[in-house]
Structures are given as structure tokens and as C-alpha cells.
Amino acid sequence: SQREQIEEAVRRQHEIVRNLCSAAWSDAMIAWVHVKAMRVFVESVLRYGMPPCFAAYIVSPKPGQTSNARKSLADILGKQGNAGPGGDKMAAGADDDAEEYYPYVSFSFTPFQVPREGKSSGEVEFWA
């Protein structure tokens, strides 16, 4: 019947659109993560004076544990954090500008997602 043919055509078109959206989503997320990774590299080398050969990590603390994770990282990396060019001046300048300063590179990254019940907001942080 005509109704079944139309339903089949709609189903096929829906599948095509879904596949296109999935591919575009993947490409957009990959590009976004690459931009974040480049920013971590530039901040690490230019702001903190790190040699261009270092490791960067993505840290995703449990909900409500972000401040504890930041404190632990600051305790560990704080001794080295002001070692870059003008490190003490950067910390003082951040205070003047009401900007948060950490002795490590930190960028928040919240991927586009549909929240699920009982799950965290999905925020991920780049820390180097």
C-alpha cells in the first residue's frame, strides 16, 4: 500500500540523516578536542615556560571532588609552577584581574551530551 511505501521511504531517509549526523558529530568533537590540545600546548610552553616535550592529561574528578583534586595538584606542582618566565608575576596578575591562577594549565571542557539520570554533568578538565 501507499502508506507502507511512504513509511519505508521515511525510515530510509531517517537512517541516512542519522548516519550523516553521527559522522558530522564525530568530526566536530575531534576538531574541538584538537583545538583544546593545541591550547594546552601553547599555554604550557609560552605561559609556563615548559619545554615543548611534555605530557598532558585529561582529568575528570568525581562530582564534588574538583576542589580537592585542584588542591592536590597545586601541592604537587606548586613547587614547579612558578618556575616559568614571570611565574610569580602571573600569579599576582591573576589576583589583580580576579582570574583564577593554577600552577598548571587548566581548561574546562564540557562535551555536548544529553544528561543521564544519576550521572555527572560531563565536565572534563585539561590539566598539564
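Arg11 and Glu8 both lie in helix α1, where three residues, about one turn of the helix, separate them. In this predicted model, the two side chains form a salt bridge, with the closest N and O atoms 2.5 Å apart. Neither partner is assigned to the buried class: Arg11 is partly exposed, with a relative accessible area of 48%, and Glu8 is partly exposed at 31%. An α-helix has 3.6 residues a turn, so residues three or four places apart point the same way. Side chains of opposite charge can pair when their charged atoms come close.

A second pair in helix α1 follows this spacing, since Glu15 and Arg18 are also three residues apart, about one turn of the helix. The closest N and O atoms of the Glu15–Arg18 salt bridge are 3.6 Å apart. Glu15 is partly exposed, with a relative accessibility of 30%. In helix α2, which covers residues 66-81, Asp75 and Lys71 are four residues apart, again about one turn of the helix. Their side chains meet in a salt bridge with an N to O distance of 3.2 Å. Lys71 is exposed, because its relative accessible area of 52% lies over the 50% cut-off. Asp75, at 43% relative accessibility, counts as partly exposed. The model contains five salt bridges, among them the pairs Arg11–Glu8, Glu15–Arg18 and Asp75–Lys71.

The chain as a whole contains three helices and three strands, arranged along the sequence in the pattern α-β-α-α-β-β. Of its 128 residues, 20% are buried. The exposed area of the chain is about 9,600 Å², and carbon and sulfur atoms supply 58% of this area. Among contacts in the chain with a separation of 6 or more, 62% join residues 24 or more positions apart.

Helix α1 spans residues 2-47 and has 46 residues. The distance from its first C-alpha to its last is 66 Å, close to the 68 Å expected at 1.5 Å a residue. Just after this helix, Gly49 adopts a positive phi of about 70°.

The buried residues of helix α1 are Met29, Lys36, Val40 and Ser44. Ser44 has a relative accessible area of 0%, and its side chain reaches the backbone oxygen of Val40 at 2.7 Å. Both residues of this contact are therefore buried, as each falls under the 20% cut-off.

Other positions in helix α1 are accessible. Leu46 lies in this helix and is exposed, with a relative accessible area of 66%. Together with Phe41 and Val42, Leu46 forms a nonpolar patch on the surface, and the three residues have about 290 Å² of accessible area together. Ala37, also placed in helix α1, counts as partly exposed at 38% relative accessibility. The C-alpha atom of Ala37 is separated by 9.7 Å from that of Phe107, although the two residues are 70 residues apart along the chain.

Conventions: Residues are numbered from 1 along each chain as its sequence is written. This is a predicted model: local features need pLDDT of at least 70, side-chain atom pairs count only at pLDDT 80 or more; totals for chains, interfaces and linings use all residues. Side-chain values use heavy atoms; hydrogens and water are left out. Helices (H or I, at least four residues) and strands (E, at least two) are DSSP runs, numbered from the N terminus. Buried means under 20% relative accessible area, exposed over 50%, partly exposed in between (1.4 Å probe, protein chains only). Contact means heavy atoms within 4.5 Å. Accessible areas come from the Shrake-Rupley method with a 1.4 Å probe; for residues, only the protein chains shown count as cover. The expected span of a helix is 1.5 Å times one less than its number of residues. A polar contact is a pair of N or O atoms within 3.5 Å; within protein, one must be able to donate a hydrogen and the other to accept it, and residues adjacent in sequence count only if both atoms are side-chain atoms. Patches are made of residues with over 30% relative accessible area and no salt bridge: like charges are joined within 9 Å, nonpolar side chains (Val, Leu, Ile, Met, Phe, Trp, Tyr) within 5 Å. A salt bridge is a side-chain nitrogen of Lys or Arg within 4 Å of a carboxyl oxygen of Asp or Glu.
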